[in-house]
Amino acid sequence: MVGSDTFTEYTGKFYYLLHPRPTIVVGTVCPNNRVNFMSASWNMPVSEEPPIIALAIGSEAYTRECLDYCGEASLNILSLEDAQLVYDLGSVSGRDVDKVSTFKLDLVDSITIRPPGLSRSLAIIESKVIGKYPAGEAFLYLLQVTKARVREGVADRFGFLFSKGVNIALHGSGRTFYGVGPRVLASRKGSS
């Protein structure tokens, strides 16, 4: 075991202890009908049936305005190789910058929603907003999945094929990103 058996008060931001986290790039259509993309690592599945994802978006974020306007989002999962793009998309506001042209993003049409996806994605999850709740300085959106698509050869029915060299961007803090390390298989209770 690493470290000692005594604990001390943690002085960093509490949520750093919950990172690294899978980072998605949220695609929306905004009130000016421009497509916008924003990186978001505060996301998680919350229901399998129906399929629902929770997503926290800052109350001042332009993406919040776009989600409220459009009510739909593409959730794009990018490779660790795209960590710089993931960082850049989360570092400037779509209120000030047309991110599609600034970052020369290639888009792919969605099947069930209006916002497009990013063509470089490993996977794209199409979703519709079904709930919004205030949560401190953010809003928690509940998004019902309407379609999930994956690039051929990067995933099987259990998820991404990390053993085949696929790696997704996991956000640590600031400009820090991680990939997935070696797989550890826990034994079943009572097995050795």
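Which residues of β6 point one way from the strand, and which the other way? In this predicted model, Glu 72, Ser 74 and Asn 76 point to one side of β6, whereas Ala 73, Leu 75 and Ile 77 point to the other, and all are buried. Six of the six residues of β6 are thus buried, so the strand is largely enclosed by the rest of the structure.

Strand β6 belongs to an open sheet of seven strands, arranged in the order β3-β2-β6-β9-β10-β5-β4 with antiparallel pairing. The edges of this sheet are formed by β3 (35-40) and β4 (43-47), each of which pairs on one side only. From one strand to the next, the twist averages 35°. Helix α1 (residues 62-70) packs on the sheet and touches β2 (24-29), β3, β5 (52-58), β6, β9 and β10 (138-150), its direction making about 55° with that of β2. On one side, β6 (residues 72-77) is joined by six bridges to β9 (residues 123-135), the two strands running antiparallel. Within this pairing, Asn 76 has Ile 124 of β9 as its bridge partner. The pairing of β6 with β2 is also antiparallel and extends over four bridges; here Asn 76 is the bridge partner of Val 25.

The buried residues of helix α1 are Tyr 62, Thr 63, Arg 64, Cys 66, Leu 67 and Cys 70. These buried residues pack against β2, β3, β5, β6, β9 and β10. Just after the helix, Gly 71 adopts a positive phi of about 75°.

Helix α1 also takes part in a disulfide. A search of the whole structure finds one such bond, formed by Cys 30 and Cys 66 with their sulfur atoms 2.1 Å apart. The torsion about this S-S bond is about 100°, so the disulfide is right-handed. Cys 30 lies in the loop between β2 and β3 and Cys 66 in α1, so the pair ties together parts that are 36 residues apart in sequence. Both Cys 30 and Cys 66 are buried. Cys 70, by contrast, is in no disulfide, and the nearest cysteine sulfur, that of Cys 30, is 8.3 Å away. With a relative accessible area of 17%, Cys 70 is nevertheless buried.

The largest nonpolar core holds 23 residues, of which Ile 24, Val 26, Ala 40, Leu 55, Ile 57 and Leu 75 touch the most other members. Strands β2, β3, β5, β6, β9 and β10 each contribute at least two residues to this core. When residues up to four places away in sequence are not counted, Ile 57 touches Met 38, Ala 40, Thr 63, Arg 64, Leu 67, Ala 138, Phe 139 and Tyr 141. A second, separate core comprises 15 residues, including Val 25, Val 35, Leu 85 and Val 86.

Six salt bridges are counted in the model. In one of them, Arg 95 pairs with Glu 65, the closest N and O atoms being 2.3 Å apart. This pair links distant parts of the chain, with Arg 95 in the loop between α2 (83-89) and α3 (99-102) and Glu 65 in helix α1, 30 residues apart. Arg 95 is partly exposed, with a relative accessible area of 42%, and Glu 65 is likewise partly exposed, at 28%. A salt bridge also connects Asp 68 with Lys 132, the closest N and O atoms being 2.8 Å apart. Asp 68 lies in α1 and Lys 132 in β9, so this pair ties together parts that are 64 residues apart in sequence. Asp 68 and Lys 132 count as partly exposed, at 38% and 34% relative accessibility, respectively. Asp 82 forms a salt bridge with Arg 120, for which the closest N and O atoms are 2.9 Å apart. Asp 82 lies in the loop between β6 and α2 and Arg 120 in the loop between β8 (117-118) and β9, 38 residues apart. Asp 82 is buried, at 11% relative accessibility, whereas Arg 120 is partly exposed, at 41%. Through shared partners, salt bridges join Arg 64, Asp 68 and Lys 132 into one network.

An open sheet of three strands is also present, in the order β1-β13-β14 with antiparallel pairing. Strands β1 (21-22) and β14 (177-178) stand at its edges with a single partner strand each, so one side of each is left without a neighbour in the sheet. Two bridges join β1 to β13 (residues 170-171), and Leu 170 of β13 is the bridge partner of Pro 22.

Technical notes
Residues numbered from 1 in each chain as written. Predicted model: local features only at pLDDT ≥ 70, side-chain atom pairs only at ≥ 80, totals over all residues. Heavy atoms only, no water. Pairing = 2+ DSSP bridges. Axes fitted to C-alpha atoms, helices over the stretch in contact; angles between N-to-C directions. Contact = heavy atoms within 4.5 Å. Buried < 20%, exposed > 50% of the residue type's maximum accessible area, 1.4 Å probe, protein only. Disulfide = S-S within 2.5 Å. Core = buried A, V, L, I, M, F, W, Y, C linked by side-chain atoms within 4.5 Å. Salt bridge = Lys/Arg side-chain N within 4 Å of Asp/Glu carboxyl O.
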